[in-house]
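Me: I would like to go through this model with you, one question at a time, before I plan anything around it.

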Amino acid sequence: FPRNGRPFGGCPSAIGNLELDPLPLMHDIQCLGVYTSGGDAPGMNACLRATVRTALANDLEVVGIRRGYEGMIDGDFVEMDRRSVSNIVQTGGTILKSARSTDFLTEEGRTRAADNLERYDVDGLIAIGGDGTFRGASKLNDEHGIPVVGCPGTIDNDLFGTDTTIGYDTALNTAIENIDRIRDTADAHNRLFLIEVMGRDAGFIALNCGIGGGAELILIPETITEMDMIKERIFSLMSAQRRSTIVVVAEGDELGGARGIEQALREDPTFEDIDLRSTILGHIQRGGAPTAGDRVLASRLGVAAVEALLDGHTDVMVGFVNGETKLTPLRNVYSRKKSIDYDLLKLTQILS
């Protein structure tokens, strides 16, 4: 243990490329609250485990808040100890459950949540979730002065301030595994498959699993998709008597995802002899045991979040950038758009 008595040392921090010294302790944390909010992501439990055990190692009390902001408003709190997070690092979902709260969008709802936090003596929060979670956390900090640090938990990998989010690696591998399975049946029947993956308004899953799964065409929200171009490309592929053709589509693609493209192709007489199927992988990408990568990432971020809070930081997210833990203001996380790697787009054109 270092001289400050904290295991693992302090959390290196940065906003952009500017390295920051730890802030002076402006708040004395005695009881830490932790919650998961928004869509679940594999690795959230690993992050919970790391958060709870790091807080306990620093002699803090820990309170778990069930069902995110909805549970915060309802006072659905539970005391947590080391045993409460035993044997969960390998499980998907979240033991604290998650929910979306319309009441928390109102000032009255946030006041009720803050009153419950005060009633349970919670004087610091760790929020695990995505941009909606962080918007709510930032509101609590601004309106009620509650210190909060966020951990990026979303399969979409669309959060500014971190190279990878908790759950993304697992979702990506799940998608690739299913694409491989679909490829087998596509090959057996000389079929064209349109496979829709999750990602909301971001194409990170589609782009990377499309490359990893050998897709002949990848459609993502970050690029302009023209139906005539898609038809021309698909017709060219099928006319070349390929044994199978896989098209990976992000759910946020402007043409309506896999179903929208399938309908447009079926309405075109040119494609009436093409054996066409569409598959939406959907929420299967959210579940299952997290990969080793997600477990390690979630554990590191959980530890770093507690350390950052104890060092006086608030209204920030801990992320992992170029192999280092970094801090980014929450307002930057949810107001800035994370860019995809456009070199990968060029790669798809070469490989397909």
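What follows is a set of questions and replies on the sheets, cores, cysteines and salt bridges.

Me: What kind of model is this, and which pLDDT do side-chain atom pairs need in order to count?
Reply: Residues are numbered from 1 along each chain as its sequence is written, and side-chain values use heavy atoms, with hydrogens and water left out. This is a predicted model in which totals for chains, interfaces and linings use all residues, whereas local features need pLDDT of at least 70 and side-chain atom pairs count only at pLDDT 80 or more.

Me: Which strands are the edge strands of the sheet of 7 strands?
Reply: Strands and helices here are DSSP runs numbered from the N terminus (helices H or I of at least four residues, strands E of at least two), and two strands pair if DSSP finds at least two bridges between them. The 7 strands form an open sheet with mixed pairing, in the order β5-β4-β3-β6-β7-β12-β13. The strands that pair on one side only are the edge strands, β5 (77-80) and β13 (324-329).

Me: Within that sheet, which residue is the bridge partner of Gly-129 in β7?
Reply: Strand β6 (residues 124-129) runs parallel to β7 (residues 148-152), and 5 bridges join the two. Gly-129 has its bridge partner in β7, and that partner is Pro-152.

Me: At about what angle to β6 does helix α4 run?
Reply: Axes are lines fitted to C-alpha atoms, for helices over the stretch in contact (heavy atoms within 4.5 Å), and the angles run from 0 to 180 degrees between N-to-C directions. Helix α4 (residues 131-144) lies across β3 (31-36), β6, β7 and β12 (316-321). Its angle to β6 is about 165°.

Me: Which helix gives the most to the largest nonpolar core?
Reply: A nonpolar core is a set of buried Ala, Val, Leu, Ile, Met, Phe, Trp, Tyr and Cys residues joined through side-chain atoms within 4.5 Å, where buried means under 20% relative accessible area, exposed over 50% and partly exposed in between, for a 1.4 Å probe and protein chains only. The largest core has 62 residues, and those with the most contacts inside it are Val-34, Ile-126, Cys-209, Ile-246 and Val-318. With 9 residues, the helix that gives the most to this core is α9 (residues 292-310).

Me: How many residues are in the second, separate core?
Reply: In soluble globular proteins, nonpolar side chains tend to be buried together. Cys-31, Val-63, Ala-114 and Ile-146 are among the members of the second core, which is separate and has 24 residues.

Me: Is Cys-209 buried or exposed?
Reply: Cys-209 lies in helix α6 (residues 204-212), where Phe-204, Ile-205, Ala-206, Leu-207 and Gly-210 are also buried. The cover over the buried residues of α6 includes α5 (168-189), β8 (192-197), β9 (217-219), β10 (245-250) and α11 (342-351). Because its relative accessible area is 0%, Cys-209 counts as buried.

Me: Which cysteine has the sulfur nearest to that of Cys-151?
Reply: The structure holds 0 disulfides, a disulfide being a pair of cysteine sulfur atoms within 2.5 Å. Cys-151 has a relative accessibility of 0% and therefore counts as buried. The nearest cysteine sulfur to Cys-151 is 3.7 Å away, and it belongs to Cys-47.

Me: Which residue meets Glu-143 in a salt bridge?
Reply: A salt bridge is a side-chain nitrogen of Lys or Arg within 4 Å of a carboxyl oxygen of Asp or Glu, and the whole structure has 11 of them. Glu-143 in helix α4 is linked to a residue 33 places away in helix α3 (residues 107-119). Glu-143 is partly exposed because its relative accessible area is 34%, whereas its partner, at 8%, counts as buried. With an N to O distance of 2.8 Å, that partner is Arg-110.

Me: In which helix do Glu-262 and Arg-266 both lie?
Reply: Glu-262 forms a salt bridge with Arg-266, with the closest N and O atoms 3.0 Å apart, and Glu-262 is buried, with a relative accessible area of 14%. The two residues are 4 residues apart, about one turn of the helix, and both lie in α8 (residues 257-266).

Me: Which residue of β10 is the bridge partner of Val-197?
Reply: A sheet of 4 strands is open and parallel, in the order β9-β10-β8-β11. Within it, 6 bridges join β8 to β10. The partner of Val-197 in β10 is Ala-250.
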